[in-house]
Every structure is written in C-alpha cells, then in structure tokens.
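Here are some short exercises to work through with the structure open beside you. Try each task yourself before reading its solution.

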Amino acid sequence: MAALRREGRRFAPLISPRSITAVRSSPIAPTHEDEGPIGVRYISTQVVRNRMKSVKNIQKITKAMKMVAASKLRAVQSKTENSRGLWQPFTALLGDLPSVDVKKSVVVTISSDKGLCGGINSTSVKISKGIHKLNSGPEKETKYVVLGEKAKAQLIRDSKKDIELIITELQKNALNYTQVSVLADEILKNVEFDALRIVFNKFHSVVSFVPTVSTVLSPEIVEREAESGGKLGDLDNYEVEGGETKGEILQNLAEFQFSCVMFNAVLENACSEQGARMSAMDSSSRNAGDMLDRLTLTYNRTRQASITTELIEIISGASALEG
Amino acid sequence: MASNAAVPFWRAAGMTYITYSNICANLVRNCLKEPHKTEALTREKVHFSISKWTDGKPEKPTVRSDSPEE
C-alpha cells in the first residue's frame, strides 16, 4: 500500500512536469527508474508487472480460503444447531443468572487457534476483561481459563497472574461431545469456582456473530439461590425419585450443565470463526481486486508514456535529418 | 452440603458425573455392530493440550490425546 502511494507521488510529475524539484527532493529512492528527456520520472513496467502478478496470486489464495471456510462452516453448522437442544432444558430448569453475586467466578474464554478470522477473538477477550472488571472488588475475585491460542496471546500480555488454565489444539480432530466433556472435567477438577462464565461468539448467521456470556453456577450457589426464592425456588416443587438427595442431583445436574453449555459454546465459536474467516477473506479478495485495477491503470499509463516518448524521438530525429 | 444418603459408587471413587456418563456412553457405543461401530468410535476421539498456570508462570503443557503421538 505504501509503495502504491510512492508511485502516486511519482506520477504527479506526469501531470505537471514543472514540479521536478519537489519530486527530486523526495527521500525515497526507487529502483528501476527512467528519466525521460524533460526530467519526467516514471516507473519501469517490469516492477508494476511483478506487483500485479503477486497481487493476483494473493487474490486467488484468499478466494480459495473463503471456499474452504464456507465448506467447513456447512459441516459445523448442523452440529451446532443440534447441540442447542442440549442446554435449553437446563436453562428452563435452572435459569441463567449473569447477575448472581458470587465470591469466586471463573471466566472461560473461548477463541480460535488459527488467525485470519476477523475480530471475533478480540471481542471475546474484551468481554472477558469487562467481566473481570465487573466482578472484582473486596472479597471477590475472577480467574481466567483460556481456550485457544489467540485469546492466550492477548490475555498473557496483561492478565498473567489471573490465568488458571490454558488449553490449545482443540480442533485437531472434529469437535465432538466426548472431547469437550473431558475438557470440562479437567476444568472442574482443577479450578474451584462459585460461578463459571463462558464467553463465546454465538452464531446467528453467516454475517452476524454476537459475543455472549453463559453462566453456570456451582451446586452450592444453586442451593443458596434456591433458598432465596425466585426461579430456583421452584425446585422444591419437584419430586425426587430414587435414592438420591436433592443435593446429589443438583451436583450431577450442575456438572452436566457445564459440559453441555461448553459443548454448545465451543461449536458456536467454531461456526463464528469460519463465518468470520469467510467475510474477512471475501473483503480481502475485493481489496486485492481494487488494487489490481489501480495497478493496471498505472501499467497502461506507463506503457503509453514510453511509446509516446519513443515516437517523439523517432519523429524529431527524422525531422532533424530532413531539415 | 453433607448428604446422609450414601454417595453413588462412582462419586465415592472420585469420578464426576461427566466421567461417569462418558464411560456409559462408551459402553453403549461398543455395543453397536459394524460399520456403525467404527463410525461411532470416531466420534469419541479426544485431543487437546492443557497447561496449568500458577502465579503467572506456565507449567509444561500436557497433551491429552487418544491418537498416537507422531
């Protein structure tokens, strides 16, 4: 882009050849330069041709990446839509209370391992940091669990001491429930929490990814909230079969809820990643096309200028011979 | 949250409900006949690399994987 600006500056003299001094004093020393008889500078066509070739190759690559992202999106999208049915009953039963007041909250940030996917990872990290700020104060603390290389790079920079776990290489095989549940198990075993806030990008459509936070409470907090009434207070209306107590069941449900919500979150984030990559590659192909148009104009101008100069030389040489 | 009833055997052994349901699911998948069995078992592959951080310092990452290391 900067080189194109340099070429633009060099082209000013073609339009007004009197500004030679201004151009000559420019500090940028270009290669392959010709100076015509009246001191007009223009760039060699070779350089422009090389540039056009490389821009065209980049355009092909980004178009191919867009196709690949589109096909991956199709594959993950059906899984994601099916997984939404896993956590909806939990939310109907236990509710999703982001405003719950807890002492120890853990923010699980989900991001991608690969780049070139637009701004979705930055928005996830921004929201995680916002939640961290909201939840810090006396007696309250927030820790991070990071999934994915991109969020890891951003959070390491300024929140090093608040990180508990970092998990990467999640997408080596296709995403399945077993993998995510093993992951959820590791988190449950290694991190103590009162509330888990999972930050991910929810996939609404190919062009819209909304960062969302899902809250999963630990069983003790669910008990506490149940006693204080509200939605969870209705839990006492349920009859418990079998030999288990209500506390038992709440613990099982909380663990399973976490696993289901994580599964859905990881899938939605994967969908959003592919969709964001599609639109990023699409805009980059379009930019490459614009750049190619501008370079073609430059090339033609240069070519015509050199032809004109040659003609002028020939004709003036011929008229000098005659007269 | 002390429960007077006996905890289920798996919780007494230190497993969470998630581990318990995964083992049950594995048992059910192994009951399938070919070719559905191999197809279902591909849905069980686990691979990720986890690293625990203490005080802003990472420990060596461990890779939990069912696939053989290359």
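**Exercise 1.** In this predicted model, decide whether Asp185(A) is buried or exposed, then find its salt-bridge partner.

*Solution.*
Step 1: The relative accessible area of Asp185(A) is 8%. Buried means under 20%, so Asp185(A) is buried.
Step 2: Asp185(A) forms a salt bridge with Lys189(A), and their closest N and O atoms are 3.2 Å apart.
Step 3: Both residues belong to helix α6 (residues 177-190) of chain A, where being four residues apart separates them by about one helical turn.

**Exercise 2.** Locate Thr16(B) and list what it touches beyond its sequence neighbours.

*Solution.*
Step 1: Look in the loop between α1 (9-12) and α2 (17-30) of chain B.
Step 2: Thr16(B) has a relative accessible area of 10%, so it is buried.
Step 3: Leaving out residues up to four places away in sequence, Thr16(B) touches Asp185(A), Glu255(A) and Trp10(B).
Step 4: Its side chain also makes a polar contact of 2.9 Å with the side chain of Thr19(B).

**Exercise 3.** Which residues does Asp282(A) join in a salt-bridge network?

*Solution.*
Step 1: Start with the salt bridge between Asp282(A) and Arg286(A), with closest N and O atoms 2.9 Å apart.
Step 2: These two are four residues apart in helix α8 of chain A, about one helical turn.
Step 3: Through shared partners, salt bridges link Lys66(A), Asp282(A) and Arg286(A) into one network.

Methods. Residues numbered from 1 in each chain as written. Chains lettered and ligands numbered in written order. Predicted model: local features only at pLDDT ≥ 70, side-chain atom pairs only at ≥ 80, totals over all residues. Heavy atoms only, no water. Buried < 20%, exposed > 50% of the residue type's maximum accessible area, 1.4 Å probe, protein only. Polar contact = N/O pair within 3.5 Å; in protein donor to acceptor, adjacent residues only side chain to side chain. Contact = heavy atoms within 4.5 Å. Salt bridge = Lys/Arg side-chain N within 4 Å of Asp/Glu carboxyl O.
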